[in-house]
Each structure stands twice: as structure tokens, then as C-alpha cells.
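Open the model in your viewer and keep the sequence panel in sight. We will go from one selection to the next.

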Amino acid sequence: MIQDKDFTLRLIRQLSQALEKLLLGKPEESLMQKELDFDSLMKDIFKMDFAELSLKSKEEIIEMVKLRESKDHADYYEMLGNVFMFHFRTEGQLDFSEKAKSFYELYLTTSGIFALPIVNRINELTSVLK
């Protein structure tokens with residue numbers, strides 16, 4: 001069981017890092033060559049694809065994260081912020097921007113880390129939501 005948790009955490013970090021590079025406009029060639037299938041990673045992590053996850057309220061998603069080990073919550077929130085931010089930028093749905101902002105704020109609160117790129121994204125999303 002420990003291996004499953006470790007594997008899932010590695011998937012979360014892999015997905016988050018890949019999305020981070022895409023959000024910063026710096027995807028690596030190797031990332032593009034691997035053609036990471038974000039939906040299959042989402043299925044491995046949450047047992048559902050992004051379309052299904054996006055239909056859930058942010059409260060429902062937070063409850064899903066709370067069922068995981070508390071030491072991993074920050075990783076989940078960062079990854080969720082990146083996923084919703086990526087889909088907001090590509091699809092323009094305001095619901096995605098609200099969720100991205102919430103998950104980024106939860107990431108900053110939970111991790112205790114000051115991450116300027118995340119703060120900048122929160123500011124970007126706040127201006128969109130006004």
C-alpha cells in the first residue's frame with residue numbers, strides 16, 4: 001500500500017511539473033515527445049478524467065484531497081491549481097479560473113511556501129474574476 005501512495009505522489013508531482021512548464025511557456029522537448037496524457041494521469045490519481053473532475057464542486061474536490069494523507073495535501077492543491085489554470089487558459093471557462101485560484105490559495109496556505117509564480121497566477125485570476 002505504501003508503494004501505491006508513493007506512486008500516486010510521484011504522478012501528482014510529474015503532472016504538476018509538466019503543467020508548470022506549460023503554464024510558463026517553457027515545455028521541454030522531451031515532455032512534448034512523451035506526449036503526456038494528462039487525462040490518464042488524472043485517472044491514475046483520482047480514478048476519473050479531467051472532464052469528470054471538473055464537474056465536481058471545489059468543495060467536493062477538497063473533500064477528496066482531505067481523504068489523502070495530510071502531508072500530501074499541498075502537492076494535490078498545487079497540481080489541481082495547475083490543472084485548472086491550464087484548462088482555463090486553453091478553454092476560457094470562468095469556473096476553471098475560480099477553482100484554480102482556490103486551489104492555488106490552498107496550496108500557499110497548506111505548504112507555507114511563498115511561490116511568486118503562484119502569487120502571480122492568483123493575481124491574474126483575481127483580475128479575470130472581477
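**Stop one: a buried isoleucine**

Select I62: its relative accessibility is 16%, so this residue counts as buried, the cut-off being under 20%. Bear in mind that this is a predicted model. I62 sits in helix α5, which spans residues 58–66.

Now show what surrounds the side chain. Leaving aside residues up to four places away in sequence, I62 touches Y77, F103 and L106. Pick L106 and draw a C-alpha to C-alpha distance. I62 and L106 lie 9.4 Å apart in space, with their positions 44 residues apart in sequence.

**Stop two: α5 against α6**

Colour α5 and helix α6, residues 73–91. Their axes come within 10 Å and cross at roughly 145°. The crossing of α5 past α6 is right-handed.

Show side chains on both helices. From α5, select I61, I62, V65 and K66; in α6 they meet H73, Y76, Y77, L80 and F84. What is the make-up of this contact between α5 and α6: how many residues are nonpolar, polar and charged? Seven are nonpolar, one is polar and one is charged.

**Stop three: the rings**

Stay on Y77. Y77 is a contact of I62, and at 3% relative accessibility Y77 counts as buried. Next, select F103. F103 is buried too, with a relative accessible area of 0%.

Display every Phe, Tyr and Trp ring. The count of aromatic pairs comes to six. One of them joins Y77 and F103, and this pair is stacked. The ring centres are 6.3 Å apart, and the planes make an angle of 15°. Y77 belongs to helix α6 and F103 to helix α7 (residues 94–111), so the pair ties together parts 26 residues apart in sequence.

Widen the selection to F50, Y77, F84, F96 and F103. Ring pairs link these residues into a cluster. F84 has already appeared in this tour, among the α6 residues that meet α5.

**Stop four: one side of α3**

Move to helix α3, residues 38–46. Which of its residues are buried? They are F38, L41, M42, I45 and F46. Turn the view to look down the axis of α3. The buried residues cover an arc of only 105° around the axis, which puts them on the same side of α3.

Finish just past the helix. K47 follows α3, and its phi is positive, near 65°.

Conventions:
Residues numbered from 1 in each chain as written. Predicted model: local features only at pLDDT ≥ 70, side-chain atom pairs only at ≥ 80, totals over all residues. Heavy atoms only, no water. Helix = DSSP H or I, 4+ residues; strand = E, 2+ residues; numbered from the N terminus. Buried < 20%, exposed > 50% of the residue type's maximum accessible area, 1.4 Å probe, protein only. Contact = heavy atoms within 4.5 Å. Axes fitted to C-alpha atoms, helices over the stretch in contact; angles between N-to-C directions. Left-handed = near helix turned anticlockwise from the far one by under 90°. Nonpolar A, V, L, I, M, F, W, Y, C, P; charged D, E, K, R; others polar. Arc of directions from axis to C-beta. Phe/Tyr/Trp six-rings, centres within 6.5 Å; stacked < 30°, edge-to-face > 60°.
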